[in-house]
Amino acid sequence: MSKNQAIPQKVEQLRKTLNDHNHCYYVLDEPSIPDAEYDRLFRELQSLEAEHPELITVASPTQRVGGMPAKEFSQVQHRVPMLSLANAFSEEDLQAFNKRVQDRLNYSEDIAYVCEPKLDGLAVSILYEEGKFVLAATRGDGATGEDITQNIRTIKSVPLQLRGNDYPKSLEVRGEVFMPKAGFDNLNATARAQDEKEFANPRNAAAGSLRQLNPQITASRPLEVFFYAVGYVADGDLPDNHFALLEKFHGWGLRTCPEIVLANNVEGCMRFYSSIQDKRNALPYEIDGVVYKVNKFTWQRKLGFVSRAPRWAIAHKFPAQEELTTLLAVEFQVGRTGALTPVARLEPVAVGGVTVSNATLHNMDEIARKDVRVTDTVIIRRAGDVIPEVVSVIKERRPQNTKIITLPTHCPVCESVVVKHDDEAVARCSGGLYCPAQRKEAIKHFSARKAFDIEGLGDKLVEQLVDSGLIHDVADIFHLTAEQVSNLERMGDKSAENLLVSIEKAKQTTLARFLYALGIREVGEATAKTLAEKLGCIEKIKRADEALLQSLPDIGPVVAENIVIFFQQAHNCDVINKLLDAGINWPVIEVKAAEDLPLIGQTVVLTGSMEALTRDQAKEQLQALGAKVSGSVSKKTSYVIAGSEAGSKLAKAEKLGVAVHNEAWLLELLGEK
Ligand code: 9MJ
């Protein structure tokens with residue numbers, strides 16, 4: 001056999017292997033090979049197909065995203081109507097449904113039902129001809145839907161080729177396309193980061209993704225499918241009951257929901273309902289109830305349907321998870337890291353069986369986005385165990401004299417100043433060292449390895465010491481006695497003694513560690529080191545203004561402001577003084593005198609390429625002379641040093657009237673100093 005003759009077989013083999021792996025990964029949820037290996041096989045198939053385009057088939061795994069964006073979706077007539085479901089909201093409704101079924105069947109014994117979680121997605125119908133995926137449509141009005149074949153093809157859990165060989169020649173299957181919770185969260189996080197509109201819920205996200213005229217966009221969305229019914233079927237046999245049909249689906253590679261069970265009677269249905277309700281939050285996808293279906297197909301046919309809903313199935317919905325109520329007031333809670341969260345105090349309302357009187361408003365940006373005001377009528381959502389949230393305002397019901405919600409200027413717990421930077425959603429209390437809400441976290445951070453490194457003072461012990469009232473702030477650590485510590489639970493005399501030894505040892509530290517330990521927001525190890533090296537003593541750091549701080553390497557306006565505000569809080573300074581009084585000390589640092597830092601207060605931007613120096617060398621030397629080297633030109637830039645081929649930064653400097661110098665000038669400056 002020549003090499004070329006083997007290629008069609010090779011292509012076919014690769015497709016089969018890839019389809020098998022896809023099946024394991026997307027349908028069985030059991031990956032069979034590492035992703036990298038899958039990608040290698042996929043690329044091999046792609047390159048063979050590129051060399052031999054005559055071998056490409058629509059069912060090839062490489063052909064999921066194909067074709068140009070459509071102008072509009074064409075219509076598809078459903079050969080068998082796509083039904084919707086009647087609803088039950090209580091056990092009585094379910095008992096009544098069962099009674100109707102029994103009466104119509106003239107059968108008074110137990111009826112077996114298949115119990116399925118009710119997915120909150122979009123119903124789709126997919127036609128397989130000879131096992132090949134050929135057409136996919138939305139439900140539409142049940143009689144006519146839209147052709148979304150190109151979009152559905154992109155969903156990896158939809159097989160392009162059925163498995164096995166006992167499927168009917170024409171097989172129309174139906175199921176629900178949905179977006180799992182995790183994928184939904186990621187999609188919205190990306191939208192948020194790009195300042196794009198977020199989807200309200202996974203159902204809308206799934207619907208929006210399927211409505212795309214460009215299948216490339218659909219392909220980028222994390223959609224999945226579960227199949228649960230058949231439509232038109234020709235030339236082939238199906239089992240005589242629904243449960244066995246779902247097992248067949250599984251064998252054909254059609255993904256089914258793993259939670260589905262067969263119940264012998266209504267009591268079994270109720271047990272399923274309760275168990276799924278308990279599991280609801282842990283499921284990776286959203287459901288809004290369960291569906292019960294008479295198992296036997298002969299009975300389903302006998303029961304038939306009324307208007308557009310079958311008489312043999314019913315959706316048992318979970319209680320509503322959204323309710324309306326009045327926003328009475330807004331209070332701000334301070335979290336353990338100092339973040340202020342606005343909490344809505346509500347006129348109590350039952351949401352899904354639980355009384356809700358508080359709900360989160362997330363942050364000030366969300367309040368502004370939703371335009372929430374005190375006394376507004378708001379929609380509250382409770383999703384399982386998570387904290388209820390205010391979803392939106394009913395503007396039509398807005399009373400007069402609503403009160404605008406404002407961020408408090410001072411922490412409601414410790415009265416320190418509240419800081420909110422324009423480019424951050426979260427507002428924070430600046431009393432990190434003192435604020436009781438942040439106490440435990442502040443102490444844990446203080447004693448951590450990179451800070452005071454107090455051996456034996458771990459998170460658990462910090463919790464114990466704070467809870468027992470032995471320490472209120474970090475300075476109290478240095479006044480603990482062996483007796484106090486040994487009286488704590490799970491603390492022997494020996495451990496207490498060891499702890500006191502490490503506390504004593506920790507008193508000898510460095511200024512950089514001390515600064516880092518204070519837990520000033522965004523002052524990490526590197527910034528603490530810079531502050532210590534450049535300013536040398538705590539008094540200077542306390543007194544430094546934002547301009548001076550910003551002239552130091554890698555300290556921008558946000559960090560500078562955090563530092564200044566931290567030291568402006570008298571409470572923080574009190575704790576620092578207590579620490580110094582307790583004997584905390586560090587070696588004195590030699591700082592270059594100001595006259596050795598001729599460029600202090602100057603901000604320099606380097607652009608283009610230099611000849612004698614690399615960009616990093618130039619930066620280092622400038623910093624050593626006290627200059628701040630910035631990456632972008634602004635009005636505050638003292639001058640720009642432009643090498644050859646300088647581009648937009650040079651143009652900006654010229655536009656803003658910032659002085660521009662060349663490399664020779666820089667060398668002279670550096671040489672002079
Ligand atoms: C959902 N939405 O999960 C049906 N459904 O069956 C399940 N919907 C259905 N079954 C017949 N699991 C019509 C609709």
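Which element provides the largest share of the shell around the ligand? In this predicted model, that share comes from β3, which contributes 4 residues. Two elements, β3 (113–119) and β10 (287–294), each give two or more residues to the shell. The residues around the ligand are Leu83, Leu85, Glu116, Pro117, Lys118, Leu119, Glu176, Tyr228, Val291 and Lys293. By character, this shell divides into 6 nonpolar and 4 charged residues, with no polar ones. The space that the ligand takes up is the second largest pocket.

Polar contacts to the ligand involve both backbone and side-chain atoms of the protein. On the backbone side, a polar atom of Leu119 is placed 2.8 Å from an oxygen atom of the ligand. Two charged residues of the shell approach nitrogen atoms of the ligand through their side chains. For Glu176, a polar side-chain atom is found 3.3 Å from a ligand nitrogen; for Lys293, the distance between a side-chain N or O atom and a ligand nitrogen is 2.8 Å. Of the 340 Å² of accessible area that the ligand has on its own, the protein covers 91%.

Aromatic pairs were also examined, and the search of the whole structure finds 17 of them. One such pair is formed by Tyr273 and Phe318, whose ring centres are 5.4 Å apart; the planes stand at 50°, and the pair is therefore tilted. A tilted pair is one whose planes are neither under 30 degrees apart nor over 60. Tyr273 belongs to helix α9 (residues 266–279), whereas Phe318 lies in the loop between β13 (313–317) and β14 (322–334). With these positions 45 residues apart in the numbering, the pair links distant parts of the chain.

Definitions and conventions
Residues are numbered from 1 along each chain as its sequence is written. This is a predicted model: local features need pLDDT of at least 70, side-chain atom pairs count only at pLDDT 80 or more; totals for chains, interfaces and linings use all residues. Side-chain values use heavy atoms; hydrogens and water are left out. A residue is near a molecule or strand if one of its heavy atoms lies within 4 Å of it. A polar contact is a pair of N or O atoms within 3.5 Å; within protein, one must be able to donate a hydrogen and the other to accept it, and residues adjacent in sequence count only if both atoms are side-chain atoms. Accessible areas come from the Shrake-Rupley method with a 1.4 Å probe; for residues, only the protein chains shown count as cover. On a 1 Å grid over the protein atoms alone, a cavity is a set of points where a 1.4 Å probe fits but cannot get out, and a pocket is an open set with protein on both sides within 12 Å along at least five of seven lines; lining residues have an atom within 4 Å of a point. A molecule sits in a cavity or pocket if more than half of its atoms lie within 2 Å of its grid points. Ala, Val, Leu, Ile, Met, Phe, Trp, Tyr, Cys and Pro count as nonpolar, Asp, Glu, Lys and Arg as charged, and the others, Gly among them, as polar. Rings of Phe, Tyr and Trp (its six-membered ring) pair if their centres lie within 6.5 Å; planes under 30 degrees apart count as stacked, over 60 as edge-to-face and the rest as tilted.
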